[in-house]
Amino acid sequence: MCFSLNFCFTQKMRENISESWLVMIIVIWATAIFAKLIQFKLRKEDEGKCRLPPGRRGWPLIGDSINWYNAVASSHPPQFVEEMVQRYGKIFSCSIFGKWAVVSADPSFNRFVMQNEGRLFMSSYPKSFRDLVGKNGVITVQGEQQRKLHGIACNMMRLEKLKFHFLNDIQKVMLQTLSNFDNNQVILLQDVCRKVAIHLMVNQLLGVSSESQVNEMAQLFSDFVDGCLSVPINIQGFAYHTAMKARESIISKINKIIEAHRQNGAPIVDNGVLGRLLEEESLPDDAVADFIINLLFAGNETTTKTMLFAVYFLTQCPKAMKQLLDEHDSLRSNSGEELLTWQDYKAMTFTQCVIDETLRLGGIAIWLMREAKEDIQYQDFVIPKGCFVVPFLSAVHLDENVYSGALNFNPWRWMEPGNEEKRNWRTSPFYAPFGGGARFCPGAELARLQIALFLHYFVTAYRWTQIKEDRMSFFPSARLVNGFEIQLTRRYDNETN
């Protein structure tokens with residue numbers, strides 16, 4: 001009886017399993033047909049409404065998202081773009097993140113997109129990023145408010161203020177953070193650059209200089225950055241939740257400084273951007289806090305990665321390292337002052353070539369994400385409203401047809417007369433490390449000043465040897481996989497103290 005019952009039960013299970021598999025197969029089959037019908041219908045609708053650039057839709061729903069992810073996660077991000085360009089041309093269409101996208105490796109079209117920011121195109125960011133940088137942030141706001149905040153940021157960082165407010169402060173931070181390494185000490189340069197960058201930004205934006213306060217802000221900001229591209233789940237244990245808590249703490253600190261300013265009725269600090277912002281502009285407190293957070297984010301990430309990559313590339317190119325060192329040693333021997341002057345900075349001609357080449361080869365502005373605000377005609381095709389538009393800046397920066405030996409670090413290329421026009425990073429369609437148009441980075445000049453002064457104080461104080469091999473990765477942001485581990489040796493004859 002027991003056997004009979006077990007047999008019947010087993011037989012019934014087999015029948016149920018067979019039926020389940022049959023149902024599942026029918027459902028999958030029906031879903032596939034349905035998806036294909038929808039895909040066919042959407043394609044027909046798209047063809048009726050617009051003439052997208054040539055391309056492909058890829059898998060239903062997924063599209064080319066996996067190919068896109070694999071490409072940007074590699075050490076050579078334009079690989080996917082190169083393959084598509086060879087097949088369809090420099091402006092092509094594909095499906096990523098469940099939507100049509102027009103991707104461009106064409107410098108003229110990229111500039112067209114950047115120059116028409118706010119009119120034909122608007123910036124597009126993930127929810128987690130928008131939440132963290134804030135609704136009043138210059139990075140995410142649109143229209144007239146974006147123009148107003150961008151204008152304020154440009155005013156805060158114009159050349160006159162770099163000369164008189166930032167130059168000496170930056171050098172004091174460099175001396176404070178780069179002079180305490182022991183001889184033969186092994187460091188992760190990525191961590192050092194991150195510390196230098198956050199110290200610079202906290203000092204220049206908030207007027208904070210004490211090491212304990214800087215370290216606290218550094219930890220908060222590290223948590224903040226980790227959540228910017230995370231899944232927006234606001235539950236303890238998730239990066240987004242931790243980042244939102246860090247944002248609250250950063251805003252609390254900014255508001256305390258604002259309150260102290262209002263109570264004292266005097267400037268907060270001599271040179272802090274926050275102090276000048278409150279003195280010169282009329283913004284509500286929540287907009288001020290978001291404004292400062294945006295500048296902290298943009299300035300910290302750009303400066304950290306470019307300082308790191310500059311040293312990395314110089315290490316691989318001894319000839320460039322020697323020429324850079326000779327330039328900076330000559331500045332120190334000609335200057336009778338402890339700190340460098342603005343004239344010294346302007347004399348760093350080869351250093352500027354190193355910075356330009358670092359930004360071309362390892363810049364973190366790899367691509368921009370925009371969205372069409374309306375149906376847009378460009379040449380022979382039409383971009384429909386709501387379509388993603390992706391100017392892939394590094395595909396131009398690493399194009400062999402634009403730059404000979406594009407994958408090689410060659411700072412001397414910027415001394416060639418043929419590249420003089422390309423080098424104008426404010427207007428050139430071939431070189432856009434700071435974006436362009438209405439969202440051109442307002443801190444571009446400040447970032448270059450910080451990087452140049454970092455190189456000066458680092459290369460004149462130390463020699464170094466690389467401990468282990470490293471490689472570049474571009475996703476989720478440009479970085480060196482092992483943090484670039486090096487051993488320092490002091491240059492005693494040129495010690496910076």
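Strands are DSSP runs of at least two residues, numbered from the N terminus, and in this predicted model Phe484 is found in the loop between two of them, strand S11 (479-480) and strand S12 (485-490). Phe484 has a positive phi of about 55° although it is not a glycine, and with a relative accessible area of 0% the residue is buried. A positive phi in a residue other than glycine is also seen at Gln379, where the value is near 55°. Gln379 likewise belongs to a loop, the one between strand S6 (376-378) and strand S7 (381-383), but Gln379 is exposed, because its relative accessible area of 55% is over the 50% cut-off.

Strand S12, which follows the loop of Phe484, takes part in an open sheet of three strands, ordered S4-S12-S9 and paired in the antiparallel sense. Strand S4 (186-188) and strand S9 (462-466) occupy the edges; each has a single partner strand, so one side of each remains without a neighbour in the sheet. From one strand to the next the twist averages 40°. The antiparallel pairing of S4 with S12 extends over three bridges, and Ile187 has Ile486 of S12 as its bridge partner. Helix H17 packs on this sheet, where it touches S9 and S12, and the direction of the helix makes about 90° with that of S9. H17 comprises 16 residues (444-459) and reaches 23 Å from its first C-alpha to its last, close to the 22 Å expected at 1.5 Å a residue. The helix is mostly covered, with 15 of its 16 residues buried.

Aromatic contacts were examined next. A search of the whole structure finds 30 aromatic pairs. In one of these, the ring centres of Phe80 and Phe92 lie 6.4 Å apart and the planes stand at 80°, so the pair is edge-to-face. The two residues are twelve positions apart and belong to distant parts of the chain, Phe80 to helix H3 (residues 79-88) and Phe92 to strand S1 (residues 91-96). Phe80 is buried, with a relative accessible area of 4%, and Phe92 also counts as buried, at 0%. A further pair involves Phe484, whose ring centre is 5.4 Å from that of Tyr312; with the planes at 85°, this pair is edge-to-face. Here the link joins helix H12 (residues 285-316), which holds Tyr312, to the loop between S11 and S12, across 172 residues of sequence. Tyr312 is buried, because its relative accessible area of 11% is under the 20% cut-off. Beyond individual pairs, ring pairs join Phe80 and Phe92 with Trp68, Trp367 and Phe392 into a cluster.

Charged side chains also meet aromatic rings. The charged end of Lys99 sits over the ring of Phe388, at 4.3 Å from its centre, and the charged end of Arg360 sits over the ring of Tyr403, at 5.2 Å from its centre.

A separate set of long-range relations concerns Val225, which is found in helix H9 (residues 211-226). Val225 is partly exposed, with a relative accessible area of 22%. Once neighbours within four places in sequence are set aside, Val225 is in contact with Phe297 and Glu301. Between Val225 and Asn300 the C-alpha to C-alpha distance is 10.0 Å, although the two residues are 75 residues apart in sequence.

Note on methods: Residues numbered from 1 in each chain as written. Predicted model: local features only at pLDDT ≥ 70, side-chain atom pairs only at ≥ 80, totals over all residues. Heavy atoms only, no water. Helix = DSSP H or I, 4+ residues; strand = E, 2+ residues; numbered from the N terminus. Buried < 20%, exposed > 50% of the residue type's maximum accessible area, 1.4 Å probe, protein only. Expected span 1.5 Å × (residues − 1). Contact = heavy atoms within 4.5 Å. Pairing = 2+ DSSP bridges. Axes fitted to C-alpha atoms, helices over the stretch in contact; angles between N-to-C directions. Phe/Tyr/Trp six-rings, centres within 6.5 Å; stacked < 30°, edge-to-face > 60°. Lys NZ or Arg CZ within 6 Å of the ring centre and 35° of its normal.
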